Amino acid sequence: MKIDTSFCCCFLFLVLGSLSCVSALANDGVVANRRSLKFSLGDENLGSWQNELSETAKAPGPSSDGPELVLAAKRTKRPDILDGFKRYRGGWDIANRHYWASVGFTGAAGFIISVLWFVAFGIVLVVHHCCGWRINIKDEGSPRSQRMCLIILIVFTCAATVGCILLSVGQAEFHEEVLHTLNFVVNQSDYTVQTLRNVTEYLTLAKDINVAQVFLPTDVMDSIDKLNVDLNTAADTLTEKTSENSDKVKKVFSIVRSVLIAVAAVMLFLAVIGLLLSVLRHQHAIHIFIVSGWLLVAITFILCGAFVILNNAVSDTCMAMEEWVENPHAETALSNVLPCVDQKTTNQTLSQSKGIINDMVTVVNTFIYTYANTYPSHSDPYYYNQSGPLMPALCYPYDSELRDTQCGDQQVSITNASLVWQNYTCEVSASGMCITPGRVKPEIYTQLVAAVNESYALQHYTPPLLSLQDCNFVRDTFRTITSSYCPPLDHYLKIVNAGLALISVGVLLCLLLWVLYANRPQREEAFAKQSLPVKDTGV
């Protein structure tokens, strides 16, 4: 069983990795049930699952003969760095390095601005330091310029503060939404694992089914053993991969959250304290803040570019999922990640399960026709004084062509067999003989009910498991993600980007004004410059 989970994006690593493990079950043609089923019959035992379990999932997978659908084609038409900045036209494809190069280009603006800022302001600082820190503002209109400078500085500080608030709120909501999405995918994976475990359990029980020492054929038991090996391997692999990928996603986004919280806190501190120091003209202290802000603004621009890339990657993936759900028969980049089987393979799996059900019905009817509805001699080992009306046989749910059939008047269906057969159960003496009219003893009745329950489980729980094979399960999962989880993720990512942009621009402009405002001429200095010429004239 081949499991494809080698993905390049940590968030997508879990979503697609776990679901690809689910769809890979198709390669082995497994059959089984969906959830635990106690040994009792009737639709009332299914509860809210009744309608879902009665539907047969047989949607065909993608056909390699059809035209290939380019996922998120419009969104992904971006310059490809690896192809001479030509337009990338391959659509969403996480296995294609040109796709990642085009996505990476979306964050180029942040990286370029970061480099330009780092170099340009660094040169300004070096030149300014070499020529002296003071920038003298002309005396004419100096108070007015200083007031305007102070007002603008306060506005930019407020902008940086708003950016810090947006970043704090956005990252908290984004992190929470990522965990919600992660938990949803993990729950889907756990549900699948539980389904596989239940399948294994019921197939194992089917091997042990016997009615008065009438067992399933040996070849059927061998096929069940092989099937159980595949099911256990699939469940173990899915559990391992899901746990591994989930831990990776949590670690990565915990680090991202810590970095964003640190950036918001440090930038807020830098903006507010820098404003106070510039107003109070603590020039030496403000110089330290200017250098620190120079470096932090460069880092913030880099983070802004990185989150633009993440935002585009998530948006591309959400759109690709949505288009794949709407075009289930098309050949796409997701076909390699989620190898859905075609209808022929799916129907083959369904046929195998139907064959096992018919074999179990044969076991039950063999006992009924051979022992229950006969009158053996007293010396026969299967004599237990059976008497009374003949017991109706169990209806075969499928004919020789494995097509659905209707039960005859003298037959009972799998759903009501246990209730009908109760009327043909006798009371037994201490020696095990029937002392009342009846065709089966309570012990044998229990064995019959067990066999019928196994048939009922396979008949009603095979179609839901087939949805794992033909990707209907994955398709439903993608539909839920794109409708319920993608919009909030995109929204909060934009808030984070807006916060980073406000912080970067706000602190950048604050740095420039710090240099000007902190180095404004003091009143005493201005007065000294004006009074010196007067003293010289008097001499």
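A disulfide is taken here as a pair of cysteine sulfur atoms within 2.5 Å, and in the predicted model shown in these views the count by this rule comes to 3 disulfides.

**View 1. A disulfide joins C426 to C434.** The sulfur atoms of C426 and C434 are 1.9 Å apart, and the link, with -50° about the S-S bond, is left-handed. C426 is buried, as is its partner C434.

**View 2. A disulfide between C318 and C486 ties helix 7 to helix 12.** The distance from sulfur to sulfur in this pair is 1.9 Å, and the torsion about the S-S bond of C318 and C486 is about -90°, so this disulfide is left-handed. Because C318 lies in helix 7 and C486 in helix 12, the pair ties together parts of the chain that are 168 residues apart in sequence. Both cysteines, C318 and C486, are buried.

**View 3. C395 and C407 form a disulfide in the loop between strand 5 and strand 6.** Here the sulfur atoms of C395 and C407 are 2.3 Å apart, and the link, with -100° about the S-S bond, is left-handed. C395 and C407 each lie in the loop between strand 5 and strand 6, so the pair ties together parts that are 12 residues apart in sequence. C395 is buried, with a relative accessible area of 3%, whereas C407, at 34% relative accessibility, counts as partly exposed.

**View 4. The sulfur of C510 is too far from the closest cysteine sulfur for a bond.** That closest sulfur belongs to C158 and is 9.0 Å away from the sulfur of C510, so the pair cannot be counted as a disulfide, for which the sulfur atoms must lie within 2.5 Å. C510 counts as buried, at 0% relative accessibility. Another cysteine, C164, is also buried, with a relative accessible area of 2%.

**View 5. The largest nonpolar core has 71 residues, and of these W92 and W514 touch the most other members.** Six helices each supply at least two residues of this core, namely helix 3 (97-105), helix 4 (108-131), helix 5 (142-207), helix 6 (218-279), helix 7 (283-326) and helix 12 (472-518). Helix 12 gives the most to this core, with 19 residues. A second core, separate from this one, has 48 residues, and A206, V220, A451 and V452 are among them.

**View 6. Y88, Y99 and W100 form one aromatic cluster.** A search of the whole structure finds 11 aromatic pairs. In the pair of Y88 and Y99, the ring centres are 6.2 Å apart and the ring planes meet at 55°, so the pair is tilted. Y88 lies in the loop between strand 2 (86-87) and helix 3, while Y99 lies in helix 3, so the pair ties together parts that are 11 residues apart in sequence. Y88 counts as buried at 6% relative accessibility, and Y99 is buried as well, with a relative accessible area of 0%.

**View 7. R475 lies over the face of W324.** The distance from R475 to the ring centre of W324 is 4.9 Å.

**View 8. G305, found in helix 7, touches G107, G110 and F111.** These contacts leave out residues up to four places away in sequence. G305 is buried, with a relative accessible area of 2%. G305 and F105 are 200 residues apart in sequence, yet in space they are 9.3 Å apart, C-alpha to C-alpha.

**View 9. The side chain of T181 reaches the backbone oxygen of E177.** T181 is found in helix 5, and the distance from its side chain to the backbone oxygen of E177 is 2.9 Å. At 0% relative accessibility, T181 counts as buried.

**View 10. N385 has a positive phi although it is not a glycine, and L402 likewise has a positive phi without being a glycine.** The phi of N385 is about 70°, and N385 is found in the loop between helix 9 (343-372) and strand 5 (393-394), where it is partly exposed with a relative accessible area of 32%. The phi of L402 is about 60°, and L402 has its place in the loop between strand 5 and strand 6 (411-412). L402 is partly exposed, with a relative accessible area of 23%.

How values were computed. Residues numbered from 1 in each chain as written. Predicted model: local features only at pLDDT ≥ 70, side-chain atom pairs only at ≥ 80, totals over all residues. Heavy atoms only, no water. Core = buried A, V, L, I, M, F, W, Y, C linked by side-chain atoms within 4.5 Å. Buried < 20%, exposed > 50% of the residue type's maximum accessible area, 1.4 Å probe, protein only. Helix = DSSP H or I, 4+ residues; strand = E, 2+ residues; numbered from the N terminus. Phe/Tyr/Trp six-rings, centres within 6.5 Å; stacked < 30°, edge-to-face > 60°. Lys NZ or Arg CZ within 6 Å of the ring centre and 35° of its normal. Contact = heavy atoms within 4.5 Å. Polar contact = N/O pair within 3.5 Å; in protein donor to acceptor, adjacent residues only side chain to side chain.
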